[in-house]
Amino acid sequence: MSLQEAAVQADALAQEGSERELADLRSQWGDELEAAARSQDFRERAVAFRAIGQFRWRAKEELLRRGLDDESPAARGSALLSVELLSRDHPSTVNGVRPLLHTLATADGNAAVRRLAVLALINGSPQRETIVLLEGIAGDDEADAQLRQAAGKVAQQLRRKQLPKR
């Protein structure tokens, strides 16, 4: 079985709530995941960064941070997918890398990476500077249409989170 196949299996176990089996799978694949994340091949790094989210591996969040700085857009995109997945239940994942997500959303050279960074911000705390940044992207006529649309939707969702609950 490859790391990618193990990650798919881990994702299924996580969705089923099979914590014991997921922990066993993590212990079997920990060393290989670490090695893949440090590989010279960007494809192996991309698989490793994506696997962190599929394994729901909070202990590897520091490794994800390195993935967000990776030279490869594929690796950065995979790390962003994992940040988004891990932050669904824990906004601290996004909050811990928020400045980096802001930079990726506004300045990354790859349009897909910029969109993924915007989408990952939806699971963080609704901080004013993030909302202002997203609204700026949404109103930028020179930005990619898909990026503007995603930024507008995420800004709107974060504004809703800010409202007091009734």
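Helix α4 (61-68) makes a good way into this predicted model. Its buried residues are Leu63, Leu64, Gly67 and Leu68. Because they cover an arc of only 150° around the axis, they sit on the same side of α4. There is a simple bit of helix geometry to keep in mind here: with 3.6 residues a turn in an α-helix, residues three or four places apart point the same way. As for what the buried side of α4 meets, its buried residues pack against α2 (19-37), α3, α5 (73-87) and α7 (98-107).

Helix α8 (residues 111-120) can be read in a similar way. Its buried residues are Val113, Arg114, Ala117, Val118 and Ala120. These cover an arc of only 165° around the axis, so they lie on the same side of α8. The elements that cover them include α5, α6 (92-96), α7, α9 (128-138) and α10 (145-162). Have a look at the start of α8 too: there, a side-chain oxygen of asparagine 110 comes to within 2.9 Å of the backbone nitrogen of alanine 112.

Now for the nonpolar core. The largest one has 46 residues. Leu3, Leu33, Phe49, Ile52, Phe55, Val118 and Leu134 are the residues with the most contacts inside this core. Leucine 33 is worth picking out. Setting aside neighbours within four places in sequence, leucine 33 is in contact with Leu3, Ala48, Ala51, Ile52, Phe55, Trp57, Lys60 and Leu63. That last partner, Leu63, brings us back to the buried residues of α4.

Two other names in that list, Phe55 and Trp57, deserve a closer look. The structure holds one aromatic pair, and it is formed by phenylalanine 55 and tryptophan 57. The pair is tilted, with 5.2 Å centre to centre and 45° between the planes. Phenylalanine 55 is buried, with a relative accessible area of 0%, and tryptophan 57 is buried as well, at 10%. Lysine 60 joins in by lying over the face of tryptophan 57, at 5.0 Å from the ring centre.

Between those two aromatic residues in the sequence comes arginine 56, in the loop between α3 (42-54) and α4. Its phi is near 55°, a positive value in a residue other than glycine. Is arginine 56 buried, exposed or partly exposed? Its relative accessible area is 22%, so arginine 56 counts as partly exposed, given that buried means under 20%.

Another arginine, arginine 45, lies in helix α3. Arginine 45 counts as buried because its relative accessibility is 7%, and the cut-off for buried is under 20%. What does its side chain meet? A polar contact of 2.7 Å joins the side chains of arginine 45 and aspartate 70. Not counting neighbours within four places in sequence, the contacts of arginine 45 are Ala36, Ala37, Ser39, Gln40, Asp70, Glu71, Ser72 and Ala75.

Helix α5 offers a couple of serines. Serine 78 lies in this helix and is buried, with a relative accessible area of 11%. Beyond its neighbours within four places in sequence, serine 78 is in contact with Ala46, Phe49 and Arg50. Its side chain reaches the backbone oxygen of alanine 46 at 3.1 Å. The C-alpha atoms of serine 78 and glycine 53 are separated by 9.0 Å, although these residues are 25 residues apart along the chain.

Serine 87 is also found in α5, and is buried with a relative accessible area of 1%. A polar atom of its side chain lies 2.9 Å from the backbone oxygen of glutamate 84. Leaving out residues up to four places away in sequence, serine 87 touches Thr93, Val94, Ala120 and Asn123. Ala120 is one of the buried residues of α8.

Here are the polar contacts side by side:

| Side chain | Partner | Distance |
|---|---|---|
| Arginine 45 | Side chain of aspartate 70 | 2.7 Å |
| Asparagine 110 | Backbone nitrogen of alanine 112 | within 2.9 Å |
| Serine 87 | Backbone oxygen of glutamate 84 | 2.9 Å |
| Serine 78 | Backbone oxygen of alanine 46 | 3.1 Å |

Last stop: glutamine 9, in helix α1 (residues 3-16). Glutamine 9 is partly exposed, with a relative accessible area of 35%. Residues up to four places away in sequence aside, glutamine 9 touches Met1 and Leu25. Glutamine 9 and glutamine 54 are 45 residues apart in sequence, and 8.5 Å apart in space, C-alpha to C-alpha.

Methods:
Residues numbered from 1 in each chain as written. Predicted model: local features only at pLDDT ≥ 70, side-chain atom pairs only at ≥ 80, totals over all residues. Heavy atoms only, no water. Core = buried A, V, L, I, M, F, W, Y, C linked by side-chain atoms within 4.5 Å. Buried < 20%, exposed > 50% of the residue type's maximum accessible area, 1.4 Å probe, protein only. Contact = heavy atoms within 4.5 Å. Helix = DSSP H or I, 4+ residues; strand = E, 2+ residues; numbered from the N terminus. Arc of directions from axis to C-beta. Phe/Tyr/Trp six-rings, centres within 6.5 Å; stacked < 30°, edge-to-face > 60°. Lys NZ or Arg CZ within 6 Å of the ring centre and 35° of its normal. Polar contact = N/O pair within 3.5 Å; in protein donor to acceptor, adjacent residues only side chain to side chain.
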